[in-house]
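Me: I have a structure open and would like to talk it through before I go back to the bench. Could you take me through it piece by piece?

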Amino acid sequence: MQPRNSRLNSSALRGAVDLAAVKAAGEAAQKAEQARAERARQAAAAEASGVAPAQPAYQLVIDVTEDTFEAEVVQRSTEVPVVIDFWAEWCGPCKQLSPILEGLAEEYAGRFVLAKIDVDANQLIAQQFGIQGIPAVMAVVAGQLVPLFQGAESAANVRKVLDQLILVAEQRFGVAGGAVAPGEAPAAAPQRPEDPALSAAHDALDAGDLGGAIQAYRNVLVDQPGNTEAKLGLAQAELLKRIEGLDLQTVRTAAAADPKNVEVQLQAADLDLVGGHVEDAFGRLVDTVGRTAGEDRDTARLRLLELFEVIGPEDPRVVAARTALARVLF
């Protein structure tokens with residue numbers, strides 16, 4: 001797996017923020033709109049000619065190994081959401097869930113690809129993704145890791161998760177699967193010049209100059225307060241800056257020993273998020289808001305809102321956490 005050009009870097013494998021996704025965010029809506037228009041054009045042309053809609057140029061269900069992961073998951077995720085089913089032959093719940101996922105892959109006809117990974121045969125991938133129990137289902141969209149759920153689920157519940165994933169993939173990343181005739185490449189989104197100030201901020205972030213990136217993103221937002229790309233970049237850079245020098249085990253031990261210590265709970269939530277435990281990070285801060293008052297409560301609430309910015313408002317985990325936050329606030 002390549003750290004930069006694959007866009008699924010070592011941080012992303014731990015479920016962390018994919019920094020490369022910042023650059024894609026500004027073009028996502030434009031790409032999604034073009035993809036929808038192209039699909040509509042193809043469907044109209046097929047209907048007018050009486051020809052059945054074209055089938056996807058890629059397989060809908062594939063077995064993935066460590067050798068094929070880069071091509072079949074990382075690279076493929078720039079064209080279509082890739083849902084990963086982590087399973088094993090000895091796993092009873094896997095035998096219930098896998099046929100559901102495979103059936104839905106056929107039903108959705110190319111709107112996502114199902115990649116099946118045998119954790120026994122591909123232990124390195126399972127370790128990199130932090131798989132602790134199976135079945136576990138994750139997705140990769142434009143190189144960004146999106147944890148979905150763990151354990152067996154009904155077809156109705158899985159369908160809801162997939163619908164949300166596809167919506168986020170189209171609206172936020174411009175990745176829209178669908179029927180593409182073999183040999184026919186999807187239309188490329190027109191290139192647009194990037195703001196030099198925003199480009200400088202991205203470069204600083206990519207180079208690990210977090211202080212420089214934070215200032216550069218703030219400069220962009222002074223002139224363009226509504227720039228979504230800059231807001232996302234700033235939130236990510238500030239998160240990474242906050243966790244510099246923190247020891248995961250030390251912070252978690254301190255947080256467990258003193259639930260009322262707001263500062264250590266904030267640190268633990270930051271580390272949870274970067275470690276891929278998004279629900280844990282959100283839940284920790286919601287609980288902190290619920291057990292505190294006054295300035296401490298407001299501090300925890302504002303940090304939670306900052307972490308929402310890092311993950312993105314459309315993410316179902318953010319939606320769920322906003323509901324939980326409303327409950328403890330009101």
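Reply: What follows goes from the overall make-up to the sheet, then to a pair of helices and two single residues.

Me: Before anything else, what sort of model is this, and how many helices and strands does the protein have?


Reply: This is a predicted model, and the secondary structure of the protein comes to 14 helices and five strands.

Me: And how much of the protein is buried?

Reply: Of its 330 residues, 46% count as buried. As for contacts between residues with a separation of 6 or more, 71% are accounted for by residues 24 or more positions apart.

Me: Now the sheet: in what order do the strands come?

Reply: The five strands form an open sheet in the order β1-β3-β2-β4-β5, with mixed pairing. The edges are taken by β1 (61-63) and β5 (144-150), and because each has a single partner strand, one side of each is left without a neighbour in the sheet. On average, and with direction ignored, neighbouring strands of this sheet are turned by 25° against each other.

Me: What joins β4 to β5?

Reply: Strand β4, which covers residues 136-141, runs antiparallel to β5 and is joined to it by six bridges. Within this pairing, Ala-139 has Val-146 of β5 as its bridge partner. The hairpin of β4 and β5 has two residues between the strands, and in this hairpin Ala-142 takes a positive phi near 50°.

Me: Is β5 mostly covered or mostly open, and which helix lies across it?

Reply: β5 is mostly covered, with six of its seven residues buried. The helix is α6 (residues 155-173), which lies across β2 (82-87) and β4 as well as β5, and which runs at about 165° to β5.

Me: Changing topic, how do α9 and α13 cross?

Reply: The axes of helix α9 (residues 228-242) and helix α13 (residues 294-311) come within 8 Å and cross at roughly 120°. That angle is why α9 counts as oblique to α13, and the crossing in which α9 passes α13 is left-handed.

Me: Which residues make that contact?

Reply: On the α9 side they are Lys-231, Leu-232, Ala-235, Gln-236, Leu-239 and Arg-242, while α13 contributes Arg-303, Glu-306, Leu-307, Glu-309 and Val-310. Sorted by character, the residues of the contact of α9 with α13 divide into five nonpolar, one polar and five charged.

Me: Next, Val-220: where is its place, and what is it in contact with?

Reply: Val-220 has its place in helix α8, residues 210-223. Leaving aside neighbours within four places in sequence, Val-220 is in contact with Ala-197, Leu-198, Asn-227 and Ala-230. Its C-alpha atom is separated by 9.1 Å from that of Asp-195, a residue 25 residues apart from Val-220 along the chain.

Me: Buried or exposed?

Reply: Val-220 counts as buried, because its relative accessibility is 2% and the cut-off for buried is under 20%.

Me: Last one, where does Glu-244 lie?

Reply: Glu-244 lies in the loop between α9 and α10 (248-257). With a relative accessibility of 46%, Glu-244 counts as partly exposed. Glu-244 and Leu-210 are 34 residues apart in sequence, and C-alpha to C-alpha they are 10.0 Å apart in space.

Methods: Residues numbered from 1 in each chain as written. Predicted model: local features only at pLDDT ≥ 70, side-chain atom pairs only at ≥ 80, totals over all residues. Heavy atoms only, no water. Pairing = 2+ DSSP bridges. Helix = DSSP H or I, 4+ residues; strand = E, 2+ residues; numbered from the N terminus. Axes fitted to C-alpha atoms, helices over the stretch in contact; angles between N-to-C directions. Contact = heavy atoms within 4.5 Å. Parallel < 35°, antiparallel > 145°, perpendicular 65-115°, else oblique. Left-handed = near helix turned anticlockwise from the far one by under 90°. Nonpolar A, V, L, I, M, F, W, Y, C, P; charged D, E, K, R; others polar. Buried < 20%, exposed > 50% of the residue type's maximum accessible area, 1.4 Å probe, protein only.
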